[in-house]
Amino acid sequence: GNFHADDVFSTVLLENLYDNITLIRLTEFDSDDKHIAYDIGLGKFDHHQAGYDKKRANGIHYCGFGLLWQEYGREYLKKINVTNIEDTFNVFDYLLVNMIDAIDNGEFDIKSDFNVLTVSNLIELFRPKFNEDKNEDIAFLEAVEFAKIIFDLLIKDAISKVDSINIIREKLPTVENKLLILEDYIPYEFALFQLKNDIEFVIYPSTRGGYAAHTVPKRYKGMTPKVPFNPEWAGLRNSKLQKESGVSTARFCHNKLFIASAGELEDAIKLVRLSQRAHKINSIK
């Protein structure tokens, strides 16, 4: 029958974990000790049975993929030689497993005037259309091959994010007045929110030369900064920004006030301090 991201990614996990495994797709199955049955079978990996209420601390119930990840995730990470297994296990759960569980259980809703494609939506696109003659099992295997790419990319992303958390954690003692300065750019936003700190700005060397100063949003992946750059600088560049700000090597300020840049580190810091000061004054008003 119709497949979902739940059973597709469950299959990916098990095929990645075991070098020799046979997949059997059934509509019904009585669980036994010889097979791993998921999404059906009334066993430990079937979340459809009466009275089922196993859920995370955030209230999202585990579906088949979530239950399998809890059982086999650490074993898989050990197999691929991940060094920080527990943190990577939790970050991957956050990045992918939690989302698939929430959507499969009907515990997640996207409210938008345009179509938003999630990984779960993309998996459903592999289903045979009502007006085409295509074998459901063939379509399922195609979805599995696609999901393997997503799975592997997000495993790498989870490992990378854990590394960035450890680096940012070591940098926190250097923070002054809610400004984090990085000697080299690393993806920092996920780490900042995982570490639950009050940092307002991050400065790092820009790939275009000089230094970029970036605001920190109020929520992860949000666009509203805790403290914006000065509204008077919106969209200004070079001499116009330098005249308006009084910062000699100022180069650019985004018209949405979430990023600015300067030629020198000291000037990037000045842009941040001026914005913090102005925001504080405006907040008092």
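The following exercises concern aromatic rings in a predicted model.

**Exercise 1.** Classify the geometry of the aromatic pair Phe 193 and Tyr 220, and state where in the chain each residue lies.

*Solution.* The structure holds 17 aromatic pairs. In the pair of Phe 193 and Tyr 220, the centre-to-centre distance is 6.1 Å and the angle between the planes is 55°. Planes under 30 degrees apart would count as stacked and planes over 60 as edge-to-face, so the rest are tilted. The pair of Phe 193 and Tyr 220 is accordingly tilted. Phe 193 belongs to helix α6 (residues 189-194), whereas Tyr 220 lies in the loop between β3 (211-215) and α7 (238-245). With these positions 27 residues apart, the pair links distant parts of the chain.

**Exercise 2.** Determine whether Phe 193, Phe 229 and Trp 233 are buried or partly exposed, and classify the pair formed by Phe 229 and Trp 233.

*Solution.* Buried requires under 20% relative accessible area. Phe 193 has 22% and is therefore partly exposed. Phe 229, at 0%, is buried; Trp 233, at 2%, is buried. The ring centres of Phe 229 and Trp 233 are 6.4 Å apart and their planes meet at 35°, so this pair is tilted.

**Exercise 3.** Identify the members of the aromatic cluster that includes Trp 69, and state which rings lie beneath the charged ends of Arg 25 and Lys 54.

*Solution.* Trp 69 forms one aromatic cluster with Tyr 76, Phe 89, Phe 92 and Phe 151. The charged end of Arg 25 sits over the ring of Phe 140, at 4.4 Å from the ring centre. For Lys 54, the ring is that of Tyr 62, with the charged end 5.8 Å from its centre.

Terms used:
Residues numbered from 1 in each chain as written. Predicted model: local features only at pLDDT ≥ 70, side-chain atom pairs only at ≥ 80, totals over all residues. Heavy atoms only, no water. Phe/Tyr/Trp six-rings, centres within 6.5 Å; stacked < 30°, edge-to-face > 60°. Helix = DSSP H or I, 4+ residues; strand = E, 2+ residues; numbered from the N terminus. Buried < 20%, exposed > 50% of the residue type's maximum accessible area, 1.4 Å probe, protein only. Lys NZ or Arg CZ within 6 Å of the ring centre and 35° of its normal.
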